[in-house]
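Colleague: Please take one small part of this model and look at it closely, in a way that a first-year student can follow. Start from a single pair of residues, and then work outwards to the parts around it.

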Amino acid sequence: MSLNLLKLCVGATGIDDLREWVSRRAMAAIALGQEPHSIHTTRMTPKRRDELLEGGSLYWVINGQIRARQTLLDIANHTDNQGIQRCDLILGPQVIDTVPVPRKPFQGWRYLKPEDAPRDLDFGDGGDDMPDDLRAELAELGLL
């Protein structure tokens, strides 16, 4: 069974903002002839790497709620230009909406067991362009 990571999405105002950031990164990678994934750099390396790479995702906390996830493709270590060890979380290009789940602030990342991870939201036809706040409200009401 795969394991997931949970991380605060600092600076994003909503899922659309995160999607825009991921899209910009993917386009820049494509322009350089690279794969269209995004990379999130963190200080600490997860010890449970193999479990995470068996189909795990990085779940994003946005404005106090788990709201989206990206598939974890790889985890790579490197040394930055100041000689500090860093960990790159290589993420798939798709940002997947999840059922909003409240989460208090924390530092770094946390492991998230599959049974504790919120389910993906399925909007069917036409729901992709629904505003973030409306999606969240409908999900909280149990209508999505």
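**From one bridge outwards**

Modeller: A good place to begin is Thr42, whose bridge partner in β5 is Cys87. Before going further, please keep in mind that this is a predicted model, in which local features need pLDDT of at least 70 and side-chain atom pairs count only at pLDDT 80 or more, while totals for chains, interfaces and linings use all residues. Residues are numbered from 1 along each chain as its sequence is written, and side-chain values use heavy atoms, with hydrogens and water left out.

The bridge of Thr42 and Cys87 belongs to the pairing of β2 (38–42) with β5 (85–91); strands are DSSP runs of E with at least two residues, helices are DSSP runs of H or I with at least four, and both are numbered from the N terminus. These two strands pair in the antiparallel sense over five bridges, where pairing requires that DSSP finds at least two bridges between the strands. In a regular strand the side chains alternate between the two faces of the sheet. In β2, Ser38, His40 and Thr42 form the covered face, whereas Ile39 and Thr41 form the uncovered one.

Beyond β2 comes the loop that leads to α2 (49–52), and Pro46 lies in this loop. Pro46 counts as buried because its relative accessibility is 5%; buried means under 20% relative accessible area, exposed over 50%, and partly exposed in between, with a 1.4 Å probe and protein chains only. Apart from neighbours within four places in sequence, Pro46 is in contact (heavy atoms within 4.5 Å) with Leu5, Leu52, Ile75, Cys87, Leu89, Trp109 and Tyr111. Cys87, the residue we started from, is thus one of the contacts of Pro46. Another of them, Ile75, is 29 residues from Pro46 in sequence, yet their C-alpha atoms are 8.4 Å apart in space.

Leu5 takes us from this loop into the core. Leaving out residues up to four places away in sequence, Leu5 touches a list of residues that includes Pro46, Leu52, Leu72, Leu89 and Trp109. In soluble globular proteins, nonpolar side chains tend to be buried together. The largest nonpolar core here has 19 residues, of which Leu5, Leu18, Trp60 and Leu89 touch the most other members; a nonpolar core is a set of buried Ala, Val, Leu, Ile, Met, Phe, Trp, Tyr and Cys residues joined through side-chain atoms within 4.5 Å. At least two residues of this core come from each of α1, β3 (57–62), β4 (65–79) and β5. There is also a second, separate core of seven residues, and Leu6, Ile66, Phe106 and Leu112 are among them.

The helix that contributes to the largest core, α1, spans residues 15–31, and its 17 residues reach 24 Å from the first C-alpha to the last, close to the expected 24 Å; the expected span is 1.5 Å times one less than the number of residues. Its buried residues are Ile15, Leu18, Val22, Ala26 and Ala29. Seen down the helix axis, these buried residues fall within an arc of 70°, so they line one face of α1; the arc is that of the directions from the axis to the C-beta atoms. On the face turned away from this buried side, α1 carries the exposed residues Met27 and Ala31.

Returning to the strands, β5 is also joined to β4 by seven bridges, and the two run antiparallel, with Ala76 standing opposite Asp88. The hairpin of β4 and β5 has five residues between the strands, and Gly83 there takes a positive phi near 80°. On the other hand, β3 and β4 pair antiparallel over six bridges, and Trp60 stands opposite Ala68 in β4. Their hairpin has two residues between the strands, and Asn63 is in the turn. Most residues other than glycine have a negative phi, and most peptide bonds are trans. Asn63, however, has a positive phi near 50° although it is not a glycine, and Asn63 counts as exposed because its relative accessibility is 61%.

To set this part in its surroundings, the protein chain has three helices and seven strands, and buried residues make up 42% of its 144 residues.
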